[in-house]
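Me: I'd like to learn how to read a structure like this one. Can you walk me through it?

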Amino acid sequence: MNKKAKRIVLSEYGLKQDEKMWGGSEFNLYKENELKKYLESEQGLNLSKSCTKIINALNKEIENTKLTIFFVPGIFVGLFIPIWNQYAITQFKNISLMPEALTVLSVHIIGIVMMTYVISLLKFVMSDVVSLRRTRLKELVSLIEGIDMRSSDEGSEK
């Protein structure tokens, strides 16, 4: 799709993009090699021995980054409705005229719509941030699994 960018990547890094979008087998191999170099040379890890430990730790971190039960919409609505009902009852208790009641009802409806909008926007942003981190962690796990598989294949050939 992006021919100019693909040419630059091919000339700079020697990576041929073999898919319509970015990625492909050469790119994944490049990412695995760079990660392996970083972990072995800069972090001093022996990947042949510690791949499974790293993968298990990352999988635990992925499990820990799940959204909490607070973000399940049904629970929040179920807990919010009784509080809102009590507030509405106290507001309507002292109203005797129909225009006043319609005004209070309109304000309540607008308030509910605004609160729903703000809460759903907050939930969307929080879930997006959490899912982005989870996606990156899952990609890291798949890279380390690829490194582990390649190193075990190389070890069996020797």
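Reply: Let's go from the whole chain down to single residues. Keep in mind that this is a predicted model.

Me: How many helices and strands are there in the chain?

Reply: Start with the secondary structure. Here you get 5 helices and 0 strands, so the pattern along the sequence reads α-α-α-α-α.

Me: What does the length of helix α3 tell me?

Reply: Compare the expected span with the actual one. Helix α3 covers residues 47-64, which makes 18 residues. At 1.5 Å a residue it should span 26 Å, and its end C-alpha atoms sit 24 Å apart, so the two agree.

Me: And which residues in α3 are buried?

Reply: Those are L47, S50, C51, I54, I55, L58 and I62. Across the chain, 20% of the 158 residues count as buried.

Me: Is E32 buried or exposed?

Reply: Check the relative accessible area: buried means under 20%. E32, in helix α2 (residues 25-42), has 12%, so E32 is buried. Leaving out residues up to four places away in sequence, E32 touches L143, G146, I147 and R150.

Me: What about V125, in helix α5?

Reply: Apply the cut-offs again: partly exposed runs between 20% and 50%. V125 comes out at 43%, so V125 is partly exposed. V125 also belongs to a nonpolar surface patch with Y117, V118, L121, L122, F124, M126 and V129. Together, the patch residues have about 780 Å² of accessible area.

Me: What is the accessible surface of the chain?

Reply: About 12,200 Å², with 63% of that belonging to carbon and sulfur atoms.

How values were computed. Residues are numbered from 1 along each chain as its sequence is written. This is a predicted model: local features need pLDDT of at least 70, side-chain atom pairs count only at pLDDT 80 or more; totals for chains, interfaces and linings use all residues. Side-chain values use heavy atoms; hydrogens and water are left out. Helices (H or I, at least four residues) and strands (E, at least two) are DSSP runs, numbered from the N terminus. The expected span of a helix is 1.5 Å times one less than its number of residues. Buried means under 20% relative accessible area, exposed over 50%, partly exposed in between (1.4 Å probe, protein chains only). Patches are made of residues with over 30% relative accessible area and no salt bridge: like charges are joined within 9 Å, nonpolar side chains (Val, Leu, Ile, Met, Phe, Trp, Tyr) within 5 Å. Accessible areas come from the Shrake-Rupley method with a 1.4 Å probe; for residues, only the protein chains shown count as cover. A salt bridge is a side-chain nitrogen of Lys or Arg within 4 Å of a carboxyl oxygen of Asp or Glu. Contact means heavy atoms within 4.5 Å.
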